[in-house]
Amino acid sequence: MKALSMNVLAAVARAPQADFSLETATIESPRDDEVLVRILGVGLCHTDLVARDQFIPIALPAILGHEGSGVVEQVGAGVTKVRPGDRVVMSFSSCGHCARCEERLPSYCQSFPVLNYSGRRADGTSGLSIGGEPVSANFFGQSSFASHALTFERNLVKIDDPEAPIELLGPLGCGFQTGAGGVMRSLACPAGSSLAVFGGGPVGLAAVMAAVVQGCATIILVEPIAERRALALDLGATHVIDPAAGDVVTAIRAIRPDGVEFAFETSGRVHVVESALASLGSHGLLGLVGVPPNPQDALAINLASAITYGHRIHGIIEGDSDLDTFIPELVALYKAGRFPIDRLIKTFPLSEINAAVAAQHRGEVVKAVLVP
């Protein structure tokens, strides 16, 4: 008979802008619809930090983390998709039965906010506690800044390839999936097309790699950090632009006088979004994935210009991914050397999460992955 609970190590967010603290938490055994996963790697994502800092108003203290990967240890009685011993990537929660889920667009699930941001199960419990007091968990249906996580089978993608480095694959569940899916699925850039990517973080560089996969003829990265511009060129970008060197739109139009067909904006900063929009050619499409620094930030659009040139704007969540098909596609591309995510990753022990946050903030690391 399995134990009713077990102790796990977790990185806990207790206050906005404050360091995470390493604490012992108690995690329940999985309910009938849940899966217990031993975490082997978890990506550090900007979304985790904006949740800690209360842009996403999850109640603190909270155990965050939503780019986990690992090995299934226990499954609930109703789980059929995975079994103990399976290697899995964890991603976002979705209900499975609303109109968007039925269209295989689970990232636009009509229950997405409550399922992913509330810090609670549907019945108000979280499944984790510290010192007998419940803490917010269930973040993106996983809360994987810990040695173990409770999740649901809809969140999981089984990785059958025994040679795939499971500890590095967690960011496929969010950041890399968002960048790649934004280009391959949301914008669906065709071969021979032109794309400008704004921001060379993990999402932006994943977009660059995806543009190479798609066969885009012109791939422009706008990024202030020189090392990331150099990396983008190695990954297949045809041009890079330092935004500090002059007007970005002028620089893009020096490369593409008629503007680009597609733009992909990852920073969420209004002035950058405006530059991305101004870089579009006739009937160009702008994809937005960046979380704005201020939830009240808004974009002013010249309506006459938008109508005259047929500019389109597409808000994107999780790269329009259908987890069970797209994540295996990305794993296959990685194994074929066409989506080299390992070149973006540096690993840190979970105990060094605050050092990882600082290194990523300084731009020294593209994607930090926390390992046991």
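This report describes two sheets, a helix packing and the internal spaces of a predicted model.

**The sheets**

The antiparallel sheet is open and has five strands, in the order β4-β1-β2-β7-β8. Its edges are formed by β4 (62-63) and β8 (133-134), and because each of these has a single partner strand, one side of each is left without a neighbour in the sheet. At the β4 edge, the antiparallel partner is β1 (residues 5-13), which is joined to β4 by two bridges; in this pairing Ala13 of β1 has Ala62 of β4 as its bridge partner.

The other sheet, with parallel pairing, is likewise open and comprises six strands in the order β13-β12-β11-β14-β15-β16. Here β13 (239-241) and β16 (312-315) are the edge strands, each of them pairing on one side only. On average, and with direction ignored, neighbouring strands of this sheet are turned by 20° against each other. Within the sheet, β11 (residues 194-198) pairs with β12 (residues 218-222) in the parallel sense over five bridges, and the bridge partner of Leu195 is Ile219 in β12. Helix α6 (residues 226-235) packs on this sheet, where it touches β12 and β13, and the direction of α6 makes about 165° with that of β13.

**Packing of α4 and α10**

Helix α4 (residues 175-186) packs against helix α10 (residues 323-335) with the axes 11 Å apart and at an angle of about 100°. Since angles of 65 to 115 degrees count as roughly perpendicular, α4 and α10 are therefore described as roughly perpendicular to each other. From α4 the contact draws on Gln177, Ala180, Gly181, Met184 and Arg185, while α10 contributes Leu323, Thr325, Phe326, Ile327, Glu329, Leu330 and Leu333. By class, this contact of α4 with α10 has seven nonpolar, three polar and two charged residues.

**Cavity and pocket**

One cavity of 30 Å³ or more is counted in the model. The residues lining the largest cavity are Glu34, Arg121, Ser126, Leu128, Asn138, Gln142, Ser143 and Leu150. The second largest pocket is lined by 18 residues, and those nearest its centre are Asp33, Ser93, Leu115, Ala122 and Phe152. Volumes and the classes of the lining residues are set out below.

| Space | Volume | Lining residues by class |
|---|---|---|
| Largest cavity | about 40 Å³ | two nonpolar, four polar, two charged |
| Second largest pocket | about 410 Å³ | five nonpolar, five polar, eight charged |

Notes: Residues numbered from 1 in each chain as written. Predicted model: local features only at pLDDT ≥ 70, side-chain atom pairs only at ≥ 80, totals over all residues. Heavy atoms only, no water. 1 Å grid on protein atoms, 1.4 Å probe; cavity = no way out; pocket = protein on both sides within 12 Å on 5 of 7 lines; lining within 4 Å. Points joined across faces, edges and corners; volume = space filled by probe spheres on them. Nonpolar A, V, L, I, M, F, W, Y, C, P; charged D, E, K, R; others polar. Pairing = 2+ DSSP bridges. Helix = DSSP H or I, 4+ residues; strand = E, 2+ residues; numbered from the N terminus. Axes fitted to C-alpha atoms, helices over the stretch in contact; angles between N-to-C directions. Parallel < 35°, antiparallel > 145°, perpendicular 65-115°, else oblique. Contact = heavy atoms within 4.5 Å.
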